[in-house]
Amino acid sequence: MWCDVKLLDLILPMRCVVCAAPGEQLCPTCREELPRLRPPLCARCGKPTEWPVERCVECAGHRLAFASARAAVAYDDRVRRLIRGWKERGLRTLAAAAADAVAGALPPPEVAALTFVPADRARGLERGYQPAERLARELAERWSLPVEPLLARTRPVARQRGLSLAERRRNVAGAFAPARKSPPRVCLVDDVYTSGSTANAAASALRKGGGRCVEVVTFARVVR
Ligand SMILES: [Zn+2]
Ligand SMILES: [Zn+2]
């Protein structure tokens, strides 16, 4: 699988995964025009809001295991294509571009280590690629922080797509467990924040493992 992907990259002419312009995997225009998220945001979940707020309609009333969630870009069609190329074909340049966008948008978190949402084993092997881990490693270089694999999956999880918020929460509840002791301050990295259910379940496992303050950082965030 890995070899095939590399070989394809050599044979096919390089095109932008977003607009298909020949040249780079992400052309300078598309790189420039990523839909960056800007304040004001909900202090807790990072949803763009009219004014700065502590909690917003999306996160108020929910018990959240993470202290804050932040993302670099809004999840739209262009970002979806970029992430698909990065996930399905393991294009390293795209993970690096995503990390550049994150590091350009967010200050380095005040944590002892970065960790990542572990890939679902079946799907991870299928792709031979772990997007959250790759992003965490790219960010670790930019922020001069260590990466520690702190989480394990306890069971396979059905796809979240098409599920309601309550179903998503149930679907991922208890899906993660601490793989080793977490430092008190830790940053959890994932590719996309959709409903926050995955981030919440993973943060909850980090807290079971000793984490006291979990900051979530993702490349993209679904904005409703
Ligand atoms: Zn492009
Ligand atoms: Zn919120």
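1. A residue counts as buried here when its relative accessible area is under 20%. Cys27 has 9% relative accessibility, so Cys27 is buried. Please keep in mind while you look around that this is a predicted model. Cys27 is a good place to start, as its sulfur is one of the donors of a zinc ion.

2. Let us stay with that ion, the zinc ion (ligand 1). Its protein donors are the SG atoms of Cys16, Cys19, Cys27 and Cys30, lying 2.3 Å from the metal. Along the chain, these donors follow the spacing C-x2-C-x7-C-x2-C. The angles subtended by the four donor atoms run from 101 to 116°, and the arrangement is tetrahedral because of this. For four donors, that label asks for all angles between 85 and 135 degrees. Cys19 is partly exposed, with a relative accessible area of 40%, whereas Cys27 is buried.

3. Now turn to the zinc ion (ligand 2). Which residues coordinate the zinc ion (ligand 2)? They are Cys42, Cys45, Cys56 and Cys59, each through SG, at 2.3 Å. Cys42 and Cys56 link distant parts of the chain: they are 14 residues apart, and both sit in the loop between helix 2 (28-32) and strand 1 (68-74). The donor spacing for this ion reads C-x2-C-x10-C-x2-C. The site is tetrahedral, with angles of 98 to 117° among its four donor atoms.

4. How accessible are the donors of this second ion? Cys42 and Cys56 are both buried. Cys59 has a relative accessibility of 3%, so Cys59 counts as buried too. With so many cysteines on view, you may wonder about disulfides. How many disulfides does a search of the whole structure find? The search finds zero.

5. Aromatic rings come next. A search of the whole structure turns up two aromatic pairs. In one of them, Phe66 and Tyr193 meet edge-to-face, 6.2 Å centre to centre and with 80° between the planes. This pair links distant parts of the chain, 127 residues apart: Phe66 lies in the loop between helix 2 and strand 1, and Tyr193 in strand 5 (residues 185-193). Phe66 is buried at a relative accessible area of 1%, and Tyr193 is buried at 5%.

6. The other pair is formed by Trp86 and Phe219, again edge-to-face, at 6.0 Å centre to centre and 70° between the planes. Where along the chain do Trp86 and Phe219 lie? Trp86 belongs to helix 3 (residues 77-89) and Phe219 to strand 6 (residues 213-221), 133 residues apart. Trp86 is buried, with a relative accessible area of 0%. Phe219 is likewise buried, at 0%.

7. Trp86 and Phe219 bring us to the nonpolar interior. The largest nonpolar core has 39 residues, and Trp86, Leu139 and Phe219 touch the most other members. Elements giving two or more residues to this core are strand 1, helix 3, helix 4 (92-105), strand 2 (113-116), helix 6 (131-143), strand 5 and strand 6. Which element gives the most to this core? Helix 4 does, with seven residues.

8. Finally, have a look at a second, separate core. This core has 26 residues, including Phe176, Ala201, Ala203 and Leu206.

Note on methods. Residues are numbered from 1 along each chain as its sequence is written. Chains are lettered from A and ligands numbered from 1 in the order in which they are written. This is a predicted model: local features need pLDDT of at least 70, side-chain atom pairs count only at pLDDT 80 or more; totals for chains, interfaces and linings use all residues. Side-chain values use heavy atoms; hydrogens and water are left out. Donors are N, O and S atoms within 2.8 Å of the metal (3.2 Å for Na, K and Ca); water is not among the atoms, so sites may look incomplete. Four donors count as tetrahedral if all angles lie between 85 and 135 degrees; four count as square planar and six as octahedral if opposite donors are over 155 degrees apart and all others between 65 and 115; anything else is irregular. Buried means under 20% relative accessible area, exposed over 50%, partly exposed in between (1.4 Å probe, protein chains only). Helices (H or I, at least four residues) and strands (E, at least two) are DSSP runs, numbered from the N terminus. A disulfide is a pair of cysteine sulfur atoms within 2.5 Å. Rings of Phe, Tyr and Trp (its six-membered ring) pair if their centres lie within 6.5 Å; planes under 30 degrees apart count as stacked, over 60 as edge-to-face and the rest as tilted. A nonpolar core is a set of buried Ala, Val, Leu, Ile, Met, Phe, Trp, Tyr and Cys residues joined through side-chain atoms within 4.5 Å.
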